[in-house]
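Me: I have some questions about the terms used for this model. Please set each value against its definition.

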Amino acid sequence: MLKFCLIDDDEHFHDFFRHLLLCNHLTIDIDFYNSSETFLKVILTNYIHYHVLFLDIEMPFMDGISLSKELRKKKSDMIIIFLSHRSDMIINAFGLNIYKFIPKIEIESVLVNVIDEISDNLFSNKLLEFRVNDKNILLQSDQIISIEVISRKTWIISRCRPNICLNYLSLNNIYKQLDSSIFIFVNRSQIVNVKKIMKIIGTQIFMENDSILYTTPLKKNSVLNLYRKYTYK
C-alpha cells in the first residue's frame, strides 16, 4: 500500500483532511505531522519512507519550501504536493520539482482525483515488497540502483534512502520478483537496474550513484544488449 503524510501546523486542517478521506471512502495509509522538524526527525530516525507528501507552504520555523529543499538535497523521491491558502505562493516553488500545487480552498473538490492519479502513476512503476526486520518495505523499481551481496549479506543499494540489508536472502529469490526487462545479473553477486547505468566501458559499469561495478566477459554482451534496448527505446 502507498504511504502518504500531511504536514500542516493547523490541527483543524488535519481534522478536515481526515473528514474528506472518510467521506470519499479513501482508505489510504496516512500519517499527520504538525511541523517540518517533527517529520524530519521521524523519517531520519526510523527510516520511514513516504511515497506522497501533502505539505503546507506556510508554517513557523521550517516552512514547506525549506523542507522540500532539504528533502531534495537528500535525494528524496517523495511526491510533494504543496498546499496553501495563498495561490500566489506557488511562485516560490519553482525549480523544486513539485508534483502539484493545490489551493486549500480547492482541496475538497480535487483530493479524490489527485490521489487516484498519483496511485495510477506509482503503480505503473512496479512496487516491490521486501521483508526486513519483521517489517514490510515497499520500494518502486526506479528507486533501486543495484542489489548486491556484500560480506555474505544481501543489500539493496538506493540513492534516495539508506541502503537496505536483506540479510541472507538469496539474489536468485529476489530476482524472481524483479522485472527482467530492466534488471540483470552482471556477475554472481550483483544485480543492476539498467535504467541507472550511466555508461559501460569494457567490463566496467558506471552507475548513477558514481559507483563502478564489473561484469564478466560471459555476461558482458547480455548486459550491453539490455542496456542498449532500454537506452534506444
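Reply: In helix α2 (residues 36–46), Ser36, Phe39, Leu40, Val42 and Ile43 are buried. Helices (H or I, at least four residues) and strands (E, at least two) are DSSP runs, numbered from the N terminus. Buried means under 20% relative accessible area, exposed over 50% and partly exposed in between, with a 1.4 Å probe and protein chains only.

Me: What puts these buried residues on the same side of α2?

Reply: They cover an arc of only 165° around the axis, so they lie on the same side of α2. The arc is that of the directions from the helix axis to the C-beta atoms. Exposed Lys41 and Thr45 are on the face turned away from the buried side. The buried residues pack against β1 (3–7), β2 (29–33), β3 (52–56) and α3 (64–73), where contact means heavy atoms within 4.5 Å.

Me: What should I know about the source of these values?

Reply: This is a predicted model, in which local features need pLDDT of at least 70 and side-chain atom pairs count only at pLDDT 80 or more, while totals for chains, interfaces and linings use all residues. Residues are numbered from 1 along each chain as its sequence is written, and side-chain values use heavy atoms, with hydrogens and water left out.

Me: Why is the aromatic pair of phenylalanine 13 and phenylalanine 16 called tilted?

Reply: The structure holds 9 aromatic pairs. In the pair of phenylalanine 13 and phenylalanine 16, the rings are 6.2 Å centre to centre, with 50° between the planes. Rings of Phe, Tyr and Trp (its six-membered ring) pair if their centres lie within 6.5 Å; planes under 30 degrees apart count as stacked, over 60 as edge-to-face and the rest as tilted, so this pair is tilted. Phenylalanine 13 has a relative accessible area of 6% and is therefore buried, whereas phenylalanine 16, at 29%, is partly exposed.

Me: What makes the pair of phenylalanine 17 and phenylalanine 32 edge-to-face?

Reply: The angle between the planes is 75°, at 6.3 Å centre to centre, which makes this pair edge-to-face. Phenylalanine 17 lies in helix α1 and phenylalanine 32 in strand β2, so the pair ties together parts that are 15 residues apart in sequence. Both residues belong to one aromatic cluster with Phe4, Phe13, Phe16 and Phe54.

Me: How do you know that arginine 18 lies over the face of phenylalanine 32?

Reply: A charge sits over a ring if NZ of Lys or CZ of Arg is within 6 Å of the ring centre and within 35 degrees of the ring normal. Arginine 18 lies over the face of phenylalanine 32, at 4.0 Å from the ring centre. Lysine 104 lies over the face of phenylalanine 13, at 4.4 Å from the ring centre.

Me: Why do β10 and β11 stand at the edges?

Reply: The open sheet of 5 strands has the order β10-β9-β8-β12-β11, with antiparallel pairing. β10 (164–165) and β11 each have a single partner strand, so one side of each is left without a neighbour in the sheet. Two strands pair if DSSP finds at least two bridges between them; 3 bridges join β8 (residues 144–150) to β12 (residues 190–193).

Me: Why is serine 151 called exposed?

Reply: Serine 151 has a relative accessible area of 69%, so serine 151 counts as exposed. Serine 151 is in the loop between β8 and β9 (153–158).
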